[in-house]
Amino acid sequence: MDLQNVLKALPDDRPVTSIYVVEDPTKCPQGFQVVSRTFDQDTDADLWKDRMFVKRITRYICFSKDENSSDEVVESIAVVGEREFPPEFTLLLYTIDTQQKATKKENLCYKLMKKELVHKLVTDIIVLSKLKKPPSGFTLAGELNSLLICYKCRPVSPTKIPGGIGPQPYGLSCNSHCWRGNNEQSLVRGQQTFYRSTSGYVAALDGIPFTVNPKYADISHLLQCTIPHIILKTEDQLLMQYNYSFHVEHQSQQSFSSKFT
């Protein structure tokens, strides 16, 4: 076995960097690989799967692992409703080769994140035609036209950001992926529709200063507080000090009851 065949036999753990839907599997963009067969049955992985028309309509997933084209990688994949627009995801609305509607009722989408911030990344995508749960090592993205879309992830240690600042949690970083704001603009690339701020990527909490209220900055007055002296007491002492017989209440109750007997 030559070196090329050995390399092909090894698992490809490189991250997925972009995903498309194509109508013709032979017309995938350069560098993309198409998911043309189902993982469990080795049958046609057509997402449209409609035989009612004379002219057959087909849709296939294809993805790229070109790390040199972008500083972002795919962190997760999901299948959402036709009217759902998750702000952190890129929606696959149209085929990249013919600009036709990509799927029927649900939409396939994926989340991109900066390489230095990601904690996990997608390395493979499969389609299931018979199995009702993902195989070991895969995560279910959702069901699309009776087919299960699954993806494989591998964990990754985020790269330390230059300047001594460690990786920040997703959603709290000013470099986090896009969130729809007042200064957003819609960008369309092929079948991709997503939102990006005109001033760069923004998160929900961007612009909110994480500082202590100035009135709490000076804590010197706290040192002047006098801590009261607490005297410990036993249970008997507490019962004696706070004992209440309820004598008046009992008399009132008996007086009230006697009026109706």
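**Notebook: strands, core and ring pairs**

I began at tyrosine 20, which stands opposite cysteine 62 in β3. Before going further I noted that this is a predicted model, and I kept that in mind for every entry below.

**Entry 1: the partners of β3**

Following tyrosine 20 outward, I found that β1 and β3 run antiparallel and are joined by 5 bridges. On looking up β2, I saw that it pairs with strand β3 (residues 60-64), again in the antiparallel sense, over 4 bridges. Two positions of that pairing went into my notes: valine 34 stands opposite cysteine 62 in β3, and glutamine 33 has phenylalanine 63 of β3 as its bridge partner. Cysteine 62 therefore appears twice in my list, and I reminded myself that strands of a sheet pair through backbone hydrogen bonds, either parallel or antiparallel.

**Entry 2: the sheet as a whole**

I then put the strands in order and obtained an open sheet of 3 strands, β1-β3-β2, with antiparallel pairing. The edge strands are β1 (18-22) and β2 (32-35), each of which pairs on one side only. From one strand to the next, the twist averages 30°.

I also asked myself which residues of β3 lie on each side of the strand, and whether they are buried or exposed. Tyr60, Cys62 and Ser64 are on one side, Ile61 and Phe63 are on the other, and all of them are buried, so that both faces are covered. Counted over the strand, 5 of the 5 residues of β3 are buried.

**Entry 3: ring pairs**

Next I searched for aromatic pairs, and the count came to 2. In one of them, the rings of tyrosine 20 and phenylalanine 32 have centres 4.8 Å apart and planes at 25°, so I recorded the pair as stacked. Tyrosine 20 lies in strand β1 and phenylalanine 32 in strand β2, so the pair ties together parts that are 12 residues apart in sequence. Both tyrosine 20 and phenylalanine 32 are buried.

Phenylalanine 39 and phenylalanine 138 form an aromatic pair that is tilted, with 5.8 Å from centre to centre and 50° between the planes. This pair links distant parts of the chain, since phenylalanine 39 is in the loop between β2 and β3 while phenylalanine 138 is in strand β8, 99 residues apart. I looked up the accessibility of each partner: phenylalanine 39 has 48% relative accessibility and therefore counts as partly exposed, whereas phenylalanine 138, at 12%, counts as buried.

One more ring went into this entry, that of tryptophan 48, because arginine 59 lies over its face at 4.7 Å from the ring centre.

**Entry 4: the largest nonpolar core**

I turned to the largest nonpolar core, which has 24 residues. The members that touch the most others are Ile19, Ile61, Val74, Ile77, Ile125, Val127 and Ile149. The elements that give two or more residues to this core are β1, β3, β4 (72-80), β6, β7 (120-128), β8 (138-144) and β9 (147-155). In soluble globular proteins, nonpolar side chains tend to be buried together.

Which residues does valine 74 contact, once its neighbours within four places in sequence are left aside? I listed Val16, Thr17, Ser18, Ile19, Tyr110, Lys111, Leu112, Leu121 and Val122.

**Entry 5: β5 and β6**

In strand β5 (residues 89-92), Phe89 and Leu91 point one way and Thr90 and Leu92 the other way, and I noted that all are buried. β5 pairs with strand β6 (residues 107-114) in the antiparallel sense over 4 bridges, and in this pairing leucine 91 stands opposite cysteine 109 in β6.

**Entry 6: positive phi in two loops**

I checked the backbone for positive phi in residues other than glycine, and wrote down two cases. Aspartate 42 has a phi of about 55° and is placed in the loop between β2 and β3. Serine 146, with a phi near 70°, is found in the loop between β8 and β9. At 46% relative accessibility, serine 146 counts as partly exposed.

**Entry 7: the chain overall**

Last, I looked up the totals. The protein chain has 3 helices and 11 strands, and read along the sequence it follows the pattern α-β-β-β-β-β-β-β-β-β-β-β-α-α. Of its 261 residues, 31% count as buried. Among contacts between residues at least 6 apart in sequence, 68% join residues at least 24 apart.

Technical notes
Residues are numbered from 1 along each chain as its sequence is written. This is a predicted model: local features need pLDDT of at least 70, side-chain atom pairs count only at pLDDT 80 or more; totals for chains, interfaces and linings use all residues. Side-chain values use heavy atoms; hydrogens and water are left out. Buried means under 20% relative accessible area, exposed over 50%, partly exposed in between (1.4 Å probe, protein chains only). Two strands pair if DSSP finds at least two bridges between them. Axes are lines fitted to C-alpha atoms, for helices over the stretch in contact, and angles run from 0 to 180 degrees between N-to-C directions. A nonpolar core is a set of buried Ala, Val, Leu, Ile, Met, Phe, Trp, Tyr and Cys residues joined through side-chain atoms within 4.5 Å. Contact means heavy atoms within 4.5 Å. Rings of Phe, Tyr and Trp (its six-membered ring) pair if their centres lie within 6.5 Å; planes under 30 degrees apart count as stacked, over 60 as edge-to-face and the rest as tilted. A charge sits over a ring if NZ of Lys or CZ of Arg is within 6 Å of the ring centre and within 35 degrees of the ring normal.
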